[in-house]
Amino acid sequence: MALSNKFSRRSFIRTSSIGVGTLVLGPALISLAASSAKKKLGIALVGLGSYSSGQLAPALQHTKNCYLAGIVTGTPAKAADWAKRYNIPQKNIYNYQNFDEIASNPAIDIVYVVLPVFMHKEFTIRAAKAGKHVICEKPMALNAKDCEEMITACKRAGRLLSIGYRLHFEPHNMEVMRLGQQKVLGKITHIDTGNGFIYNGDPNAWRLKKALAGGGALMDMGIYSIQGSRYTLGQEPVAVKAMQEKNRPDFFKEVDETVFWQMEFPGGFKTTGKSSYNNDWSYLKVEAELGNFQLGPAYGYGSIEGSVNGDAMKFPQIIQQAAQMDDFADCVIANKPSRVPGEEGLKDMKVVDAIYRSLDSGKWENIV
Ligand code: NAD
């Protein structure tokens, strides 16, 4: 009860802000007031699985520039539950079949694709064709070629595309970007990073099917390790060499369990990275000429900790998804590119594609 009152009050504030200005101000000031009054953009979440229900919808209760306006789901019971819980009107609820009708719904500005990986391309392109700006979850798509099609479709539709890279808005990770890219401790001499968890979920889940997930822990968790090296250096890798290990081959029949790789950057500098569905890893360790800095836990959406030369970083823990979605809404309002556009997802998928090629060939593979 208290929850629904809160949301009704929020919707009232949202819809009434320009109206109040109209009553109080003279005509000359009305247009100024209207243009500076920042409308909260409506987001529709597509796919109401664990990330949408556990993280994104709760985060959308803390956003300033956007709000949870709509949902797209294949499960009618979820639609009813979410409608009640988040005060979502029936006109803003779609399923996967009638999704394209969202084109004529002005309440939805941004579509957020939170589906299994094999559905990212289809729903990103359908959303762009429906005239909506898009956030697509990581990993962006099954492969780099699909990422390129998604970027082209959004460009063609004149809509912004962003990837759900929440850590670009997280203070400890942003500090690592500053320290590394601005060479605050001098030239970087070593980077080692890993991300993983011990997967004991449903053996029939989409994450374990190659056709649905594209791959295993490398796609799901390794993308953060790849990102960590890339944003610490502020450079793009040119080649990779990888190897893998499987301790539970019966469980990980179709997808990778643990992958180790070296990534080479221009000039020959090499970083090491790893991903796993069989190890609890979340760290980024950097050594530089004048000291070291590290994160651990580095990549989750719980608490992130870091240190520089042994001294703890003192940054607040934030709701990363709220910061990420607010920033994208701000980009849409200001018509400026996101700091994590589709091109950022494409760069990571080019690395992932090359790592899979290296696992097959056993050799260094160029990132193309
Ligand atoms: P999930 O399995 O919990 O949810 C997937 C949703 O898709 C479910 O609601 C399911 O009903 C729906 N769906 C529709 N068609 C389906 C099909 N054919 N097979 C399976 N499910 C189908 O997954 P999740 O953990 O919510 O992940 C969704 C996306 O979000 C993935 O791309 C994942 O990588 C990403 N994710 C990102 C983060 C992050 O920190 N950025 C965290 C978790 C998940």
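**Entry 1: aspartate 330**

I looked up aspartate 330 and found it in helix α10 (helices are DSSP runs of H or I with at least four residues, strands are E runs of at least two, both numbered from the N terminus). The model is a predicted one, in which local features need pLDDT of at least 70 and side-chain atom pairs pLDDT 80 or more, while totals for chains, interfaces and linings use all residues. Residues are numbered from 1 along each chain as its sequence is written, and side-chain values use heavy atoms, with hydrogens and water left out.

Aspartate 330 counts as partly exposed because its relative accessibility is 22% (buried is under 20% relative accessible area, exposed is over 50%, partly exposed is in between, with a 1.4 Å probe and protein chains only). I also checked its distance to asparagine 65: the two C-alpha atoms are 6.5 Å apart, although 265 residues separate them along the chain.

**Entry 2: serine 338**

Next I went to the loop that links α10 (320-334) to α11 (342-361), where serine 338 sits. Is serine 338 buried or exposed? Serine 338 has a relative accessible area of 9%, so I noted it as buried.

I then listed its side-chain partners. One polar contact goes to the side chain of serine 162, at 3.2 Å (a pair of N or O atoms within 3.5 Å; within protein, one must be able to donate a hydrogen and the other to accept it, and sequence neighbours count only if both atoms are side-chain atoms). A polar atom of the serine 338 side chain also lies 2.8 Å from the backbone nitrogen of valine 340.

**Entry 3: the parallel sheet**

I traced an open sheet of 6 strands, ordered β3-β2-β1-β4-β5-β6, with parallel pairing (two strands pair if DSSP finds at least two bridges between them). Its edge strands, each paired on one side only, are β3 (93-94) and β6 (161-163). At the β6 end, β5 (residues 133-136) and β6 run parallel and share 3 bridges. There I found valine 134 bridged to leucine 161 of β6.

**Entry 4: the mixed sheet**

I followed a second open sheet through 9 strands in the order β14-β13-β12-β11-β7-β10-β9-β8-β15, and its pairing is mixed. The edges are β14 (311-312) and β15 (365-366), which each pair on one side only.

I spent some time on β10 (residues 270-276), where 5 of 7 residues are buried and the strand is mostly covered. How many bridges join β7 to β10? I counted 5, and β7 (residues 188-198) runs parallel to β10. In this pairing glycine 196 has serine 276 of β10 as its bridge partner. On the β9 side, β9 (residues 258-264) and β10 are antiparallel, with 7 bridges. I noted tryptophan 261 as bridged to glycine 273 of β10, and valine 259 as opposite serine 275 in β10. The hairpin of β9 and β10 has 5 residues between its strands, and in it glycine 267 takes a positive phi near 95°.

Moving on along the order, I found β8 (residues 239-245) antiparallel to β9 over 7 bridges, and antiparallel to β15 over 2 bridges. Valine 240 takes part in both pairings: its partner in β9 is methionine 263, and its partner in β15 is glutamate 365.

**Entry 5: the ligand**

Last, I looked at the surroundings of the ligand. There are 22 residues around it, and Ser50, Glu137, Lys138, Arg166 and Trp206 come nearest (a residue counts if one of its heavy atoms lies within 4 Å).

Which polar atoms lie by the oxygen atoms of the ligand? I wrote down three distances:

- Arginine 166 has a side-chain N or O atom 2.7 Å from a ligand oxygen.
- Tyrosine 51 places a backbone N or O atom 2.9 Å from a ligand oxygen.
- Arginine 207 has a polar side-chain atom 3.0 Å from a ligand oxygen.

On its own the ligand exposes 840 Å², of which the protein buries 79% (Shrake-Rupley areas, 1.4 Å probe; for residues, only the protein chains shown count as cover). I noted α3 (50-59) and α9 (217-233) as the elements giving two or more residues to the shell around the ligand.

The ligand takes up the space of the largest pocket. A pocket here is an open set of points on a 1 Å grid over the protein atoms alone, with protein on both sides within 12 Å along at least five of seven lines; lining residues have an atom within 4 Å of a point. A molecule sits in a pocket if more than half of its atoms lie within 2 Å of the grid points.

Note on methods: On a 1 Å grid over the protein atoms alone, a cavity is a set of points where a 1.4 Å probe fits but cannot get out, and a pocket is an open set with protein on both sides within 12 Å along at least five of seven lines; lining residues have an atom within 4 Å of a point.
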